[in-house]
Amino acid sequence: MTQTILAIAGRPGLYKLVSRGKSNFIVESLDESHKRIPAFATDRITSLADITMYAESDNVPLMTVLASVRDKEEGKVCSIAYKKCKPAELKEYFAQILPDFDRDRVHDSDIRKLLSWYDILVKAGITDFEEEMKPTDGDNVDDRLKENEEA
């Protein structure tokens with residue numbers, strides 16, 4: 001089942017799109033609380049399907065990077081203590097996942113955020129990143145919801 005997984009600037013964690021109101025989205029936290037909150041047009045909302053990581057050759061979709069982490073970690077949470085490890089260790093670990101990542105434009109904080117998102121998704125039971133977060137067609141959420149209902 002394809003889901004719309006969102007990151008909201010200024011709010012920790014990841015969210016699943018549940019519904020759409022007149023002037024907002026209703027999102028559900030992917031953590032164990034499953035708290036539903038409104039997200040407004042003034043919030044900077046980004047779908048994980050729209051995010052890419054900088055690489056030397058071409059930008060790599062986030063779902064591909066997450067799948068590489070999953071393959072390295074065998075579907076379990078991260079084995080590295082990414083919140084506390086040194087920048088050199090973090091980059092060495094990430095180089096095993098995405099060997100040609102752009103070392104100038106991908107910052108340590110980007111890698112930490114990616115790994116924290118990976119842990120959130122795995123704990124929520126989402127591990128088929130290629131299927132769960134594939135980009136959807138349609139100009140707006142209503143079009144995407146119709147496609148998901150038809151599938």
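**Exercise 1. Which residues are linked in a network of salt bridges?**

Let's work it out on this predicted model.

Step 1. Start with the rule: a side-chain nitrogen of Lys or Arg has to lie within 4 Å of a carboxyl oxygen of Asp or Glu.

Step 2. Try E28 with K16. Their closest N and O atoms are 3.8 Å apart, and the two form a salt bridge. E28 sits in strand β3 (residues 24-29) and K16 in strand β2, so this pair ties together parts that are 12 residues apart in sequence.

Step 3. Now try E28 with R36. Here the side chains meet in a salt bridge too, at 2.9 Å from N to O.

Step 4. Put the pairs together: E28 takes part in the bridge with K16 and in the one with R36. The network is made of K16, E28 and R36.

**Exercise 2. Sort K16, E28 and R36 into buried, partly exposed and exposed.**

Step 1. You need two cut-offs: buried is under 20% relative accessible area, and exposed is over 50%.

Step 2. E28 has 11%, so it's buried.

Step 3. K16 comes out at 23%, so call it partly exposed.

Step 4. R36 has 53%, which means it's exposed.

**Exercise 3. Find the salt bridge of R11 and say which parts of the chain it links.**

Step 1. Look for the partner: R11 pairs with D43, and the closest N and O atoms are 3.7 Å apart.

Step 2. Place both ends. R11 is in the loop between β1 and β2, while D43 is in the loop between β4 and β5. That's a link between distant parts of the chain, 32 residues apart.

Step 3. Check how open R11 is: with 27% relative accessibility, it counts as partly exposed.

Step 4. Count up the whole model, and you get six salt bridges by this rule.

**Exercise 4. Lay out the sheet and name its edge strands.**

Step 1. Write down the order of the five strands: β4-β3-β2-β1-β5. The sheet is open, and the pairing is antiparallel.

Step 2. Pick out the edges. β4 (36-40) and β5 (45-47) each pair on one side only, so by that pairing they are the edge strands.

Step 3. Add the twist, which averages 45 degrees from one strand to the next.

Step 4. Zoom in on one pair: β1 (residues 5-8) and β2 (residues 15-20) run antiparallel and are joined by two bridges. Across this pair, I5 stands opposite K16 in β2. You've already met K16 as part of the salt-bridge network with E28 and R36.

How values were computed:
Residues numbered from 1 in each chain as written. Predicted model: local features only at pLDDT ≥ 70, side-chain atom pairs only at ≥ 80, totals over all residues. Heavy atoms only, no water. Helix = DSSP H or I, 4+ residues; strand = E, 2+ residues; numbered from the N terminus. Axes fitted to C-alpha atoms, helices over the stretch in contact; angles between N-to-C directions. Buried < 20%, exposed > 50% of the residue type's maximum accessible area, 1.4 Å probe, protein only.
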